[in-house]
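The following note sets out numbered comments on the structure shown below. Each point takes up one feature, and the comments are meant to be read alongside the coordinates.

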Amino acid sequence: VITDGSWWTITLLSLVLSVIPALVEESLFRGYLQRRFLQRWSPGVAIGVSTLLFAAIHFDSPQHIIAVMPLGVVNGLLAYRTNSVKPGMLVHALHNMGVIGFAALATVLTPHFSEEELGLLAIGVIGMLGLIGLPAVVSLLRSSKPTVAANAVPAPGSTSVGRR
């Protein structure tokens with residue numbers, strides 16, 4: 001599709017291949033499995049196990065398994081910190097769109113650059129994106145998770161500050 005398709009076809013296919021897996025995978029791995037693991041294990045273990053299972057379904061190559069592990073960790077932290085899978089779905093969809101876009105770009109650029117130059121371009125882009133995303137990951141690791149009690153509504157009949 002990339003080499004013979006129109007930009008409209010490529011864009012539509014990219015959206016479908018980016019959004020649907022993001023919705024399904026985040027619902028399963030962070031929405032269902034990680035929440036169940038959090039009932040039994042510490043957040044680190046729960047996020048780690050859900051990330052390993054997420055990576056295991058991407059078993060088409062060892063490189064793919066390793067490449068999706070940072071995404072699994074970030075989305076696991078996002079789900080844990082926000083109590084929602086929606087931010088992770090967005091990050092996952094954007095990640096998938098970026099991968100598809102980069103693959104399309106590499107396909108177009110292949111006749112003009114050597115494999116070594118394309119490899120260096122890929123490493124440069126990944127490194128730059130990693131540096132851009134690093135502050136967000138550090139923030140996820142450093143900030144404390146809001147407690148349920150801080151956001152809870154007082155039960156009817158209970159006393160609260162300022163009420164008599």
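1. Length and surroundings of helix H3. The structure is a predicted model, and the comments begin with helix H3, residues 62-82. With 21 residues at 1.5 Å a residue, helix H3 should span 30 Å; its end C-alpha atoms lie 31 Å apart, so the expected and computed values agree. The buried residues of H3 are Val68, Leu71, Gly72, Val74, Asn75, Gly76, Leu77, Leu78, Ala79, Tyr80 and Arg81. Their cover includes H1, helix H2 (43-56), H4 and helix H5 (115-142).

2. Bend in H3. At Met69, H3 bends by about 25°. A proline, Pro70, follows Met69 within four residues.

3. Gly76. Which residues does Gly76 touch, apart from those up to four places away in sequence? They are Arg30, Gln34 and Ile47. Gly76 belongs to helix H3 and has a relative accessible area of 0%, which means that it is buried. Although Gly76 and Ile47 are 29 residues apart along the chain, their C-alpha atoms are separated by 5.3 Å.

4. The residue after H3. Asn83 follows H3 and sits in the loop between H3 and H4. Its phi is near 60°, a positive value in a residue other than glycine. Is Asn83 buried or exposed? Its relative accessible area is 54%, so Asn83 is exposed, the cut-off for that class being over 50%.

5. The salt bridge. How many salt bridges does a search of the whole structure find? The search finds 1. Side chains of opposite charge can pair when their charged atoms come close. Here Glu26 pairs with Arg30, and the closest N and O atoms are 2.9 Å apart. The two residues are 4 residues apart in helix H1, which means that about one helical turn separates them. Both Glu26 and Arg30 are buried. Each partner also has a contact described elsewhere in this note: Arg30 is touched by Gly76, and Glu26 is in contact with His92.

6. His92. This residue is found in helix H4. Why is His92 classed as buried? Its relative accessible area is 2%, and the buried class covers values under 20%. Leaving aside neighbours within four places in sequence, His92 is in contact with Pro21, Ala22, Glu25, Glu26, Phe54, Leu71 and Asn75. Among these contacts, Leu71 and Asn75 are also listed with the buried residues of H3.

7. The nonpolar surface patch. Trp8, Leu12, Leu15, Val16, Val19, Ile20, Leu23, Val24, Leu90, Leu94 and Met97 together make a nonpolar surface patch of about 1000 Å². Helix H1 (7-40) and helix H4 (86-109) each supply at least two of its residues. Which helix gives the largest share? That share, 8 residues, comes from H1. One member of the patch is Leu15, which is placed in helix H1. Leu15 has 40% relative accessibility and therefore counts as partly exposed; this class lies between the 20% and 50% limits.

8. Helix H5. The 28 residues of H5 should span 40 Å at 1.5 Å a residue, and the end C-alpha atoms are 39 Å apart, so these values agree. A kink of about 40° lies at Gly133, shortly before the proline Pro135. The buried residues in H5 are Leu118, Ala122 and Leu140. Cover for these buried residues includes H3 and H4. H5 is in turn among the elements that cover the buried residues of H3.

9. The protein as a whole. The secondary structure comes to 6 helices and 0 strands, and the order from the N terminus is α-α-α-α-α-α. Of the 164 residues, 26% are buried. The protein exposes about 11200 Å², with carbon and sulfur atoms supplying 71% of that area. Among contacts between residues at least 6 apart in sequence, 58% join residues at least 24 apart. The pair Gly76 and Ile47, 29 residues apart along the chain, is one of the contacts noted above.

Definitions and conventions: Residues numbered from 1 in each chain as written. Predicted model: local features only at pLDDT ≥ 70, side-chain atom pairs only at ≥ 80, totals over all residues. Heavy atoms only, no water. Patch = residues over 30% accessible without salt bridge, like charges linked within 9 Å, V, L, I, M, F, W, Y side chains within 5 Å. Areas by Shrake-Rupley, 256 points an atom, 1.4 Å probe, with all protein chains shown as cover. Salt bridge = Lys/Arg side-chain N within 4 Å of Asp/Glu carboxyl O. Buried < 20%, exposed > 50% of the residue type's maximum accessible area, 1.4 Å probe, protein only. Expected span 1.5 Å × (residues − 1). Bend = angle between axes of the 7 residues up to and from the residue. Contact = heavy atoms within 4.5 Å.
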